[in-house]
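Dear colleague,

I am passing on the structure we spoke about, and my notes on it follow below. Please read them with the model open beside you.

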Amino acid sequence: MGAVQVMPGLRLAISSIAERIIDGRMLASFIAAYPHVELDITITDEAFDIVEQGFDAGVQLGEVIARDMIAVPVSAMQRQIAVASPAYLAQYGIPQHPQELLKHRCIGWRKSPGVSPYRWEFAEQGREFDVDVNPQLTTNDMGVMIRTVCAGGGISFGMEETYVPFIARGELVTLLDEWLPTFPGFDLYFSGGKHMPPRLRTFIDHVRM
């Protein structure tokens, strides 16, 4: 088998909450289909200019992408959900309205130090509102958050995709479904001021398959 001629690397900056969109299965199939394209992926929630930092593209929720970027949708509509373990709910009860979360132990997430914890957002009859929970535990690590909520530590809130495997196994239960709206999902974005390299077009086409 001859040596594979590798093209210049494709550098991507991917939000941690988008990891289940650009996941291992998709990356493995891309590597197998395009052995000549080298990928360099950084998972980060820091806010920075991808062009200045030498990245070809990034993956983020569309609502936070700068308007001067070209954005290509790479996911379906998304939803944030509230979850807890069956053991926690058996001991402390099931909240029937988002405001009742103020009476529960909550587990919050923030993307980096010095940043406010992620907002818990709901909707009722078309009106969106936040519940200003006071998390007893706040972390920037999804793994810590998930392990704690699965162990009965409280109620957490985050992207539905994050919790799907744990819900399927019965480790977590969704709460307050009727108050949880959908919103536009993740986009792969890149600078509108530069020519799109063929390797980036190839990657975009593969992600959208």
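The notes below deal with the domains, their interface and the nonpolar cores.

This is a predicted model, in which local features need pLDDT of at least 70 and side-chain atom pairs count only at pLDDT 80 or more, while totals for chains, interfaces and linings use all residues. Residues are numbered from 1 along each chain as its sequence is written, and side-chain values use heavy atoms, with hydrogens and water left out.

The chain is divided into domain 1 (10-75 + 184-208) and domain 2 (78-183), with bounds that come from an automatic or database domain assignment, and their C-alpha centres lie 27 Å apart. In contact terms (heavy atoms within 4.5 Å), 10 residues of domain 1 meet 10 residues of domain 2. The two domains bury about 960 Å² between them, 64% of it on carbon and sulfur atoms; buried area here is the accessible area (1.4 Å probe) that two parts lose on being put together, summed over both. Ile 17, Arg 20 and Asp 45 supply 53% of the area that domain 1 buries against domain 2, more than any other three residues.

The largest nonpolar core (buried Ala, Val, Leu, Ile, Met, Phe, Trp, Tyr and Cys residues joined through side-chain atoms within 4.5 Å, where buried means under 20% relative accessible area with a 1.4 Å probe, protein chains only) has 54 residues, of which Ile 22, Phe 122, Phe 186, Leu 188 and Phe 203 touch the most other members. This core draws at least three residues from each of domain 1 and domain 2. Beyond its neighbours within four places in sequence, Phe 186 is in contact with residues including Ile 17, Val 59 and Met 159.

With best regards

Terms used:
Buried means under 20% relative accessible area, exposed over 50%, partly exposed in between (1.4 Å probe, protein chains only).
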